[in-house]
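Visitor: Please give me a close look at one part of this structure, the open and closed spaces in it and what lines them. I would like a plain account that I can follow residue by residue.

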Amino acid sequence: MLGSVTLRIAFIAAECEPWAKTGGLADVVDALARAVGEVAGGAVHRPIDVFLPRYRGIEVPADAPRRRLGVPDPFGSNGWTSLAVVDVPGNGYRLRLIDHPPAFDRDGYYGDANGDYPDNAWRFGLFGRAALEVLRGEDPPVDVLHVHDWHTGPVLLARDGDLRDDPVIGRAAALLTVHNLAYHGWTPADRLGQLGRSPGDGLIPSDADGLDLLRTGIERSELVNTVSPGFAAEALTPAYGMGLDSALLAKGDQFFGILNGLDTDLWDPATDRVIAARYDRGDRSGKALARRDLLRRVGFDPADGSPVLAMIGRLDPQKGFDLLADAAPTLLDRDVRLVVLGSGTSADVGSLRALGVARPDRLALLERFDRDLARRVYAGADGFLMPSRFEPCGTGQMIALRYGTPPIVRATGGLRDTVIDASVSPETGTGFTFDDASPEALLEACRRFLDWFSPEPGADGPAAGGRRAGGRRTADGRRTARWEALVDRGMAVDFDWRTHSAPAYLAAYRRAIAIRRAT
Ligand code: GLC
């Protein structure tokens with residue numbers, strides 16, 4: 001019966017591309033909201049709502065509808081604060097910005113040079129409560145709150161707290177998508193007041209020394225998913241569970257993985273206006289131009305034929321920049337060129353920096369967030385590195401595959417689910433994988449990559465990977481046929497959100513509603 005009614009879905013998230021992004025969360029919120037609307041047809045009320053804080057710098061059209069509302073706020077006058085919601089038509093959904101400058105008109109989304117903001121519980125508490133306040137007065141009533149990561153733990157506290165008996169919010173089901181298990185939004189007991197809560201108040205145990213907002217979301221959501229089946233399995237183990245493995249285990253089959261998709265319209269070398277030349281599976285000649293352009297832009301010799309390996313990511317310990325830093329001297333000695341584009345500040349790139357200064361013709365380290373350069377790197381590199389310590393899904397490897405740049409990844413989480421190792425499966429492989437989070441294992445995978453990319457001249461035996469005709473070059477004398485086939489297979493993988501992921505989320509929404517209504 002549920003299958004035939006029109007569902008109203010609201011996303012509540014701390015990031016959404018292109019308005020606010022530090023990582024993959026932003027891409028997923030944007031692309032998934034759109035894809036769900038597209039595949040659902042009449043099954044979902046449209047537009048889908050996406051709630052986002054109005055951070056500094058988010059411009060809104062002067063005529064965007066704006067409405068003021070009052071929400072409970074422990075620090076507001078008489079316990080209330082007035083803030084605004086601004087509705088902006090998005091590209092396939094309705095963006096709903098919660099506008100409250102004291103909370104969100106700041107240098108960073110989560111913190112500044114001094115670290116996380118000490119009042120984050122208040123900021124995201126207000127955000128979540130405001131989103132629910134907007135929804136509770138609207139028709140049709142919201143059916144599913146699709147919340148993301150720890151920032152939206154307060155949404156569940158409000159639903160199950162002061163809005164428990166609200167006729168709209170009280171019946172709404174929650175699906176929590178965990179993109180990052182490392183950030184918990186830990187709120188010590190002396191800051192619980194920021195959420196208007198205290199130990200022993202009915203929602204917080206009386207002996208609590210604080211609150212883990214991600215755990216709160218996990219425990220209170222009807223369903224919890226993470227962004228790949230591989231990571232969902234890993235997250236149940238102490239090694240990857242970040243202290244939440246038993247909370248996830250306790251969910252039983254109400255915790256599972258749904259592999260992220262990729263926005264294949266946004267990431268398409270055939271239509272990408274930023275890269276130097278466009279190309280597709282049928283004609284990849286543009287990739288050579290994109291390569292020259294990249295080399296020139298990062299200060300290398302554009303005509304250099306040496307293999308170019310690239311890495312892009314947040315400078316976060318998760319991403320394994322330290323493994324690359326340790327492996328880099330050996331790679332440079334093997335005549336590899338390295339292009340590293342890192343954003344944010346939280347990981348140490350120490351030795352990479354020195355190496356870049358010492359060998360500017362071989363290593364380009366660009367420490368900034370640069371959307372356009374990222375596209376040029378995906379298109380221009382020969383291989384793409386993702387030595388992540390853990391990776392719930394990862395976006396870079398999917399983009400790299402689509403741009404004809406075989407990924408070299410650690411076989412963990414979503415990386416293991418999306419990249420097939422060509423050394424193990426030469427006929428179906430799309431990249432190269434390694435198991436240990438060590439520079440040696442990374443180097444070993446790079447060696448296999450190099451054997452495929454540029455086998456020793458004339459080699460078609462063991463040096464080329466031991467496969468028949470492995471080292472034989474194609475007509476232009478540069479690459480081997482098996483390399484060309486590897487690239488082609490990667491470009492052919494269908495990561496479109498609409499194919500698998502969005503339908504899986506639709507099914508999860510229905511299931512979450514059924515669970516909520518049964519309780
Ligand atoms: C986080 C995860 C990454 C995932 C992304 C989107 O950034 O670290 O693996 O792809 O969220 O779900």
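Guide: Sorted by class, the residues lining the second largest pocket are 7 nonpolar, 3 polar and 10 charged. The model in front of you is a predicted one, and every value below is computed from it. The second largest pocket has a volume of about 460 Å³. Its lining consists of 20 residues, and those nearest its centre are Lys 287, Ala 288, Arg 291, Arg 478 and Arg 479. Two elements supply two or more residues each to this lining: helix H9, residues 285-297, and helix H16, residues 481-492. The largest share comes from H9, which gives 5 residues.

Next, the ligand. Which residues are closest to the ligand? They are His 179, Asn 260, Glu 391, Cys 393 and Gly 394, out of 13 residues that surround it. Some side chains can be followed atom by atom. His 179 has a polar side-chain atom 2.6 Å from an oxygen atom of the ligand. For Asn 260, a polar side-chain atom lies 2.9 Å from a ligand oxygen atom. Gln 318 also places a polar side-chain atom by an oxygen atom of the ligand, at 3.0 Å. The ligand taken alone exposes 310 Å², and the protein buries 97% of that area.

Where do the surrounding residues come from? Helix H1, residues 24-40, provides the largest share of the shell, with 3 residues. By class, the shell holds 5 nonpolar, 6 polar and 2 charged residues. Domain 1 consists of residues 2-261 and 499-518, and domain 2 of residues 285-492; the ligand lies between these domains because both give residues to its shell.

Now the closed spaces. Searching the whole structure turns up 2 cavities of 30 Å³ or more. The largest cavity has a volume of about 100 Å³. There are 14 residues in its lining, and Asp 27, Val 28, Asp 263, Thr 395 and Trp 497 are the ones nearest its centre. Helix H1 returns here, since the largest share of this lining, 4 residues, comes from H1. H1 therefore gives the largest share both to the shell around the ligand and to the lining of the largest cavity. In terms of class, the largest cavity is lined by 7 nonpolar, 3 polar and 4 charged residues.

The second largest cavity has a volume of about 40 Å³. Its lining residues are Met 311, Ile 312, Gly 313, Lys 319, Phe 321, Leu 385, Met 386, Pro 387, Ser 388 and Glu 391. Strand E14, residues 308-314, and strand E17, residues 383-386, are the elements that give two or more residues to that lining. E14 gives the largest share, 3 residues. The classes here are 6 nonpolar, 2 polar and 2 charged. Glu 391 links two parts of this account: it is among the residues closest to the ligand, and it also lines the second largest cavity.

Last, some details of the backbone. Most peptide bonds are trans, and most residues other than glycine have a negative phi. Against that background, three places deserve a look. Arg 46 and Pro 47 are joined by a cis peptide bond, with omega about 0°. Pro 47 sits in the loop between H1 and strand E2, residues 49-53. Another cis peptide bond, again with omega about 0°, joins Asp 139 and Pro 140. Pro 140 belongs to the loop between helix H3, residues 120-136, and strand E8, residues 144-148. Asn 78 is not a glycine, yet its phi is positive, at about 55°. This residue is in the loop between strand E3, residues 66-77, and strand E4, residues 80-89.

Methods: Residues numbered from 1 in each chain as written. Predicted model: local features only at pLDDT ≥ 70, side-chain atom pairs only at ≥ 80, totals over all residues. Heavy atoms only, no water. Near = heavy atom within 4 Å. Polar contact = N/O pair within 3.5 Å; in protein donor to acceptor, adjacent residues only side chain to side chain. Areas by Shrake-Rupley, 256 points an atom, 1.4 Å probe, with all protein chains shown as cover. Nonpolar A, V, L, I, M, F, W, Y, C, P; charged D, E, K, R; others polar. Domains from an automatic or database assignment. 1 Å grid on protein atoms, 1.4 Å probe; cavity = no way out; pocket = protein on both sides within 12 Å on 5 of 7 lines; lining within 4 Å. Points joined across faces, edges and corners; volume = space filled by probe spheres on them.
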